[in-house]
Amino acid sequence: MIGNDRLAVRKTYKLYVNGAFPRSESGRTYEVTDSKGHFLANVAWASRKDARDAVVAARGAFAKWSGATAYNRGQVLYRVAEVMEGRHLQFCEEVAAAEGLSSSKARAAVDAAIDRWVWYAGWTDKLAAVLGGANPVAGPYFDFSTPEPSGVVAVLAPQQSSLLGLVSVLAPVLTTGNTAVVVTSRQRPIPAVTLAEVLATSDVPGGVVNLLTGDAEELGPWLAEHADVDGIDLTGAPAGRAMEFEREAAGTIKRVVRPPATEPDWSAEPGLSRMTPFLETKTVWHPMGV
């Protein structure tokens, strides 16, 4: 008969790059604890090389993701919400442990994160109608303006809100047809890794989302200056470093979302403010038939 005492099987969470879960090439890991300081897991500490690999994967996936129909992208993102709902209890436990929330508050945060994902999924095939249109011109031409994705977007995820904040900065990047390289919360990465597992078992093509666990202070400068990154969201940038990252991003003329002055209320209605920064407007002139 097997006794009740068992050796603890401590999990080491990996990165999520190009649809796979590799270890950091540096071999580095760090310990993650709950809000009370109790050990939860070991997590990979991403390096500069891992960040470069993630950008390569995101660039390789961009053509397929941006080239899919908006309706199809919406279906794929809705599938992610379905799988998140199936792992609702796990997300609740992880968010509660990471953020020190009561079970009811953790459940509310997870519910809001799933609802937020559904909300963004519904916008994929509506953005062109809201942000584009036919322009009146003086001449025998049709003139249309349509929104298009910028490309690869680096996201420094919120440090405090481990799931709802993460979804609130990641989902709009995907909704608009961009691909993402995300640096997760350093102290609260486990809900993000579970989200990576959801993405891997949904219909999201490999490379569309790449999640790096580690330190935004270390990875931020490399992503900000990377010539193949088209935009960067500095929401989770460390205090005092955001302006430095923005200056580095200016060298390659990136689109930049600056960090908020205070921690946002992630449960508030987001509007279009996180989708428009990484969209570009294409205007097409077409002769009118006589």
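In the predicted model, Glu 246 is located in helix α9. The relative accessible area of Glu 246 is 18%, and this residue is therefore classed as buried, since the term applies to values under 20%. When residues up to four places away in sequence are set aside, Glu 246 makes contact with Leu 234, Val 256 and Arg 258. Helix α9 covers residues 242-250, and the loop that joins α9 to strand β10 (255-257) contains Ile 253. With a relative accessibility of 74%, Ile 253 counts as exposed. The backbone of Ile 253 is also notable, as its phi is positive, at about 55°, although the residue is not a glycine. Most residues other than glycine have a negative phi.

A second residue of this kind occurs towards the start of the chain. Asn 18 is placed in the loop between β1 (12-13) and β2 (29-33). Phi of Asn 18 is near 55°, again a positive value in a residue that is not glycine. At 47% relative accessibility, Asn 18 is counted as partly exposed, because that class lies between the limits of 20% and 50%.

The protein chain as a whole contains nine helices and eleven strands. For 290 residues, a compact globule would be expected to have a radius of gyration near 19 Å, and the value of 20 Å found for the protein chain agrees with this. The C-alpha trace extends over about 90 × 40 × 35 Å along its principal axes. Of the 290 residues, 48% are buried. The accessible surface of the chain amounts to about 13,700 Å², and carbon and sulfur atoms account for 53% of this area. When contacts are considered between residues at least 6 apart in sequence, 77% of them link residues at least 24 apart. The chain carries 28 positive and 32 negative charges, and the mean positions of these two sets are separated by 3 Å.

Two helices were examined along their length. Helix α6, comprising residues 164-175, has twelve residues. From its first C-alpha to its last, α6 spans 16 Å, close to the 16 Å expected at 1.5 Å a residue. Helix α6 is mostly covered, with twelve of its twelve residues buried. Among these buried residues are Leu 164, Leu 166, Val 167, Val 169, Leu 170, Val 173 and Leu 174, and they also include Ser 168 and Thr 175. Gly 165 and Pro 172 of α6 are likewise buried. Just after this helix, Gly 177 adopts a positive phi of about 95°.

Helix α3, formed by residues 88-99, also has twelve residues. Its first and last C-alpha atoms lie 16 Å apart, close to the expected 16 Å. The buried residues of α3 are His 88, Phe 91, Cys 92, Glu 94, Val 95, Ala 96 and Ala 98. These buried residues pack against strand β1 and against three helices, namely α2 (70-86), α4 (103-121) and α7 (190-200). Helix α3 is followed by Gly 100, which has a positive phi near 70°.

The surroundings of Trp 45 bring together several parts of the sequence. Trp 45 is found in the loop between β3 (39-44) and α1 (48-67). Its relative accessibility is 16%, so Trp 45 counts as buried. Apart from residues up to four places away in sequence, Trp 45 touches Ser 24, Ser 26, Arg 28, Thr 29, Tyr 30 and Asp 50. Further contacts of Trp 45 are made with Arg 186, Thr 213, Gly 214, Asp 215 and Glu 218. Arg 28 is 17 residues away from Trp 45 along the chain, yet the C-alpha atoms of the two residues are separated by 5.3 Å.

Glu 218, one of the residues touched by Trp 45, is situated in helix α8 (residues 216-225). At 21% relative accessibility, Glu 218 counts as partly exposed. Leaving aside neighbours within four places in sequence, Glu 218 is in contact with Arg 28, Trp 45, Ala 46 and Ser 47. Arg 28 is thus listed among the contacts of Trp 45 and among those of Glu 218. Glu 218 and Pro 238 are 20 residues apart in sequence, and their C-alpha atoms are 9.8 Å apart in space.

Key:
Residues are numbered from 1 along each chain as its sequence is written. This is a predicted model: local features need pLDDT of at least 70, side-chain atom pairs count only at pLDDT 80 or more; totals for chains, interfaces and linings use all residues. Side-chain values use heavy atoms; hydrogens and water are left out. Helices (H or I, at least four residues) and strands (E, at least two) are DSSP runs, numbered from the N terminus. The radius of gyration is taken over C-alpha atoms; the globule rule is 2.2 Å times the number of residues to the power 0.38. Buried means under 20% relative accessible area, exposed over 50%, partly exposed in between (1.4 Å probe, protein chains only). Contact means heavy atoms within 4.5 Å. Accessible areas come from the Shrake-Rupley method with a 1.4 Å probe; for residues, only the protein chains shown count as cover. Lys and Arg count as positive and Asp and Glu as negative; His and the chain ends are not counted. The place of a charge is taken as NZ of Lys, CZ of Arg, CG of Asp or CD of Glu. The expected span of a helix is 1.5 Å times one less than its number of residues.
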